[in-house]
Amino acid sequence: MKRFDRAWWENHLRYQGVKYVALAIMATLGWSMIFSVTEYRVPPNRSVDVYFVGGYADYDKLEDLGAAMKADLPHIEQIKCYNIALAGDQESVAASEQKLFVYMGSGEGDIYVFSRQQFLAYADQGAFLSLDGYVAGGALRPQGDLSLTTLNVPTGEGVREKHLVGVSLAGQNGLRATEGFDNRNSIMGLMSYSTNPDEAVQVMQWILDHRTQDAPAAAK
């Protein structure tokens, strides 16, 4: 009868240990894949993502900002805020610009807050939805001179029409929810590819309602 003594186990593990390690890794990866496949993900048409593009923003405060929005708009399943910082050295700015290009190219984000120069450049390419109907219906209630963001934008092949495509935050104290991000000379727009435009407009109005005060703390 074979003796499974210490010498046998040491010899066995010396030559077979790699197999056990490989099996353990495969099992871990397998469970990870199962979890990632079965993990619930909020569908894009039930969430609103806001991207602040420009200066640096504090990650924790952006989380708090999204939570505060969600507390006031509980019917929206998920609201998240992100930052793309176009600041720092030339290499950092180039990397952030590439990230922005990839995000927009893949249809990420519903609301973007840009500098005026960036906003005008993207609006000229037809990046934003018209907000005319939302303003007329009272869902969006911007203040001030709307001519700044009522632009002649492409609406079809070789066709351009004047539409309100953004809301200026110029002259406001800004959403002081972020360290280093000054949106007082910024414009926010609703992306043309948004799958949740009606709820996104509600978030835009929330931003307008809170733009001159500190973002409220989320309910604990």
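This report walks through a predicted model of one protein chain, from its overall layout to a few individual residues.

## The overall layout

Let's start with the big picture. The chain is built from six helices and seven strands. Following the sequence from start to end, these elements come in the order α-β-α-β-α-β-α-α-β-β-β-β-α.

The chain has 220 residues, and 35% of them count as buried. Among contacts with a separation of 6 or more, 69% are between residues 24 or more positions apart. On the outside, the chain exposes about 13200 Å², with carbon and sulfur atoms supplying 54% of that area.

## Helix H6

Helix H6 is a good place to look next. It covers residues 197-210, and its 14 residues should span 20 Å at 1.5 Å a residue; the C-alpha atoms at its ends are 20 Å apart, so the two values agree.

Which residues of H6 are buried? They are Ala 200, Val 201, Val 203, Met 204, Gln 205, Trp 206, Ile 207, Leu 208 and His 210.

## The nonpolar cores

The largest nonpolar core of the chain holds 29 residues, and Ile 111 and Val 203 have the most contacts inside it. Several elements give two or more residues to this core: strand S1 (47-54), helix H2 (59-72), strand S2 (78-85), strand S3 (111-115), strand S7 (186-190) and H6. H6 provides the largest share, with seven residues.

Val 203 is worth finding in the structure. Setting aside residues up to four places away in sequence, Val 203 touches Val 48, Val 50, Met 69, Leu 73, Ile 76, Ile 79 and Ile 111. There is also a second, separate core of 16 residues, which includes Val 53, Phe 114, Phe 119 and Val 153.

## Two salt bridges

How many salt bridges does the chain have? The count comes to two.

One of them joins Glu 77 and Arg 46, whose closest N and O atoms are 3.9 Å apart. This pair links distant parts of the chain: Glu 77 lies in the loop between H2 and S2, while Arg 46 lies in the loop between helix H1 (6-38) and S1, 31 residues apart. Glu 77 has a relative accessibility of 34%, so it counts as partly exposed. Arg 46 is partly exposed too, with a relative accessible area of 45%.

The other salt bridge brings together the side chains of Asp 124 and Arg 160, at 3.2 Å from N to O. Here too, distant parts of the chain are linked: Asp 124 sits in the loop between helix H4 (116-123) and helix H5 (132-136), and Arg 160 belongs to strand S5 (residues 159-164), 36 residues apart. Asp 124 counts as partly exposed because its relative accessibility is 43%. Arg 160, at 39% relative accessibility, also counts as partly exposed.

## A buried charge without a partner

To finish, take a look at Asp 49, which is found in strand S1. Asp 49 is buried yet forms no salt bridge. Where is the nearest side chain of opposite charge? It belongs to Lys 80 and is 6.9 Å away. A salt bridge has to be within 4 Å, so this pair does not qualify.

What surrounds Asp 49? Leaving aside neighbours within four places in sequence, Asp 49 is in contact with Lys 80, Tyr 82, Gly 109, Asp 110 and Ile 111. One of these, Ile 111, is also one of the residues with the most contacts inside the largest nonpolar core.

Notes:
Residues are numbered from 1 along each chain as its sequence is written. This is a predicted model: local features need pLDDT of at least 70, side-chain atom pairs count only at pLDDT 80 or more; totals for chains, interfaces and linings use all residues. Side-chain values use heavy atoms; hydrogens and water are left out. Helices (H or I, at least four residues) and strands (E, at least two) are DSSP runs, numbered from the N terminus. Buried means under 20% relative accessible area, exposed over 50%, partly exposed in between (1.4 Å probe, protein chains only). Contact means heavy atoms within 4.5 Å. Accessible areas come from the Shrake-Rupley method with a 1.4 Å probe; for residues, only the protein chains shown count as cover. The expected span of a helix is 1.5 Å times one less than its number of residues. A nonpolar core is a set of buried Ala, Val, Leu, Ile, Met, Phe, Trp, Tyr and Cys residues joined through side-chain atoms within 4.5 Å. Lys and Arg count as positive and Asp and Glu as negative; His and the chain ends are not counted.
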